[in-house]
Amino acid sequence: MRTFRIGRVPESNDLVLPSSVISSKHAEIVIDDYNRMMFTDYSTNGTYINNQLLRHGSCAVTVNDRIVFPDGTALDWNLVLGSGAAYQAAPMQPGPAAAPDMGAMAYPNMAAAGANPGMADMGNGGAAVPPAGTGGSVRKLDFSQTFGDAFRIGGKNILSVIGTVFLWLLTCWIPYINVGTTIALALLPLKMSEGEVISPLYIFESKYRKCMGEYLLTLVMMTITFSLAALTVIPAIVLMYSWSLVLFYLIGCRMNPTQAIHASNEATYGSKWIMFFVRLVFGLIYGVVMGLIVLLGVLLCRSIGGIIVFVLLAIVVSACIYSISNAVSASIWMQLRDNVAHE
């Protein structure tokens, strides 16, 4: 099994598309041992597959499918099925000239001469991909998408989350290892945002132990600032939402602490009220559910069997709430992370 990654950042992608409408981690194609391929989109602007927009989702693909990215680049399957070495596609040039001939490397299906920049022939009646956005545009959080993502991503990862927490509890007493697993658990939304059902074993990945210094330094900086801001309450609440993505930028985008703080503040600009109401709504839902569980516990805890049922039910409900809560953070990250793409 291997993975072919597409995005704007050269360091982590096999196909690099240097455009502001392409996300840093835009999409990937996973090829299994039987040459079956699964395309997953993680981007803000989505990807067109056979003239249909796919955003934050997965679908099976074959070499007969036409895949076009928001900058107008049509995927060359020779790249995917070839060596897999990193390749950076040349930016599209506006004007009447035809797209440059890159042979079997890039743009084999670009529009003919005279096409507008950012547009490509879809091969279906001459339909074209509409431009997905402009550089520097800021996307605000979508309440309904966040709500849907929470149950979609959280629901499919409930068992994985239970397994992750169980492994953390088993190893949290082991020096050095426990630091990496604790960081990994705190970054559970970042892992869930990748779109696949997570493996609980991810908490043992070495990258979490390697970032120990930066992680702890960032936490200290944030804690000191929050402590000072808490004296006036409102600034502390604003900072809580402004800096809610700091650790994701720190680890996911390999920024230093000050860069991550700046990126989180910019990414959440204009979305803090929506983030507040999202958390408020889910908080109310959690409160109602837990209230019903407590009421049910009063009725059940009159026998040993009833107590066992209540404990098991409480564990399952708590796992669901924990998974959905992390999925909310994952959705917020997926929607807002590219608001700093123009930098």
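## Exercises on cores, rings and a surface patch

At 42% relative accessibility, Phe277 counts as partly exposed. Keep this residue in mind as you work through the exercises below; the model is a predicted one.

**Exercise 1. Place Phe277 in its surroundings: which helix holds Phe277, and which residues form the nonpolar patch on the surface?**

Step 1. Start with the helix: Phe277 belongs to H11, which spans residues 272–300.

Step 2. Check the exposure. The partly exposed class runs between 20% and 50% relative accessible area, and Phe277, at 42%, falls into this class.

Step 3. Now gather the patch. Phe277 is joined there by Phe143, Trp273, Phe276, Leu280 and Leu284, and together they have about 620 Å² of accessible area.

Step 4. Ask where the patch comes from. Helix H11 gives the most to it, with five residues.

**Exercise 2. Classify two aromatic pairs: how are the rings of Phe151 and Phe282 arranged, and how are those of Tyr249 and Trp333 arranged?**

Step 1. Recall what to look for: a ring pair is described by the distance of the centres and the angle of the planes. There are 13 aromatic pairs in the structure.

Step 2. Take Phe151 and Phe282. Their ring centres are 5.9 Å apart and their planes stand at 35°, so this pair is tilted.

Step 3. Locate the partners. Phe151 sits in helix H2 (residues 143–156) and Phe282 in helix H11, so the pair ties together parts 131 residues apart in sequence. Phe151 is partly exposed, with a relative accessible area of 40%, whereas Phe282 is buried, with 4%.

Step 4. Turn to Tyr249 and Trp333. Here the centres are 4.8 Å apart and the planes are at 80°, so the pair is edge-to-face. Tyr249 lies in helix H9 (residues 246–252) and Trp333 in helix H12, so this pair ties together parts that are 84 residues apart in sequence.

Step 5. Compare each with the burial cut-off of under 20%: Tyr249 is buried at 1% relative accessibility, and Trp333 is buried at 3%.

Step 6. Finish with the wider network. Ring pairs link Phe151 and Phe282 into a cluster with Phe143, Phe147 and Tyr286.

**Exercise 3. Explore the largest nonpolar core: which residues touch the most other members, and which helix gives the most to this core?**

Step 1. The core has 51 residues, and Leu187, Leu245 and Tyr249 touch the most other members. Helix H12 (residues 304–336) gives the most to this core, with 11 residues.

Step 2. Look around Leu245. Beyond its neighbours within four places in sequence, Leu245 is in contact with Ser264, Ala267, Thr268, Ile332, Trp333 and Leu336.

Step 3. Note a second, separate core: it has 20 residues, including Ala27, Met37, Leu54 and Ile67.

**Exercise 4. Follow the contacts of Ser264: is Ser264 buried or exposed, and which residues does Ser264 touch, not counting residues up to four places away in sequence?**

Step 1. Ser264 is found in helix H10 (residues 257–267). With a relative accessible area of 0%, Ser264 is buried.

Step 2. With the same sequence neighbours left out, Ser264 touches Ser242, Trp243, Ser244, Leu245, Val246 and Tyr249.

Step 3. Move on to Val246, which is placed in helix H9 and is buried, with a relative accessible area of 0%. Leaving out residues up to four places away in sequence, Val246 touches Thr218, Met222, Ala260, Ile261 and Ser264.

Step 4. Close with a distance: Val246 and Asn265 are 19 residues apart in sequence, and their C-alpha atoms are 8.2 Å apart in space.

Notes. Residues are numbered from 1 along each chain as its sequence is written. This is a predicted model: local features need pLDDT of at least 70, side-chain atom pairs count only at pLDDT 80 or more; totals for chains, interfaces and linings use all residues. Side-chain values use heavy atoms; hydrogens and water are left out. Helices (H or I, at least four residues) and strands (E, at least two) are DSSP runs, numbered from the N terminus. Buried means under 20% relative accessible area, exposed over 50%, partly exposed in between (1.4 Å probe, protein chains only). Contact means heavy atoms within 4.5 Å. A nonpolar core is a set of buried Ala, Val, Leu, Ile, Met, Phe, Trp, Tyr and Cys residues joined through side-chain atoms within 4.5 Å. Patches are made of residues with over 30% relative accessible area and no salt bridge: like charges are joined within 9 Å, nonpolar side chains (Val, Leu, Ile, Met, Phe, Trp, Tyr) within 5 Å. Accessible areas come from the Shrake-Rupley method with a 1.4 Å probe; for residues, only the protein chains shown count as cover. A salt bridge is a side-chain nitrogen of Lys or Arg within 4 Å of a carboxyl oxygen of Asp or Glu. Rings of Phe, Tyr and Trp (its six-membered ring) pair if their centres lie within 6.5 Å; planes under 30 degrees apart count as stacked, over 60 as edge-to-face and the rest as tilted.
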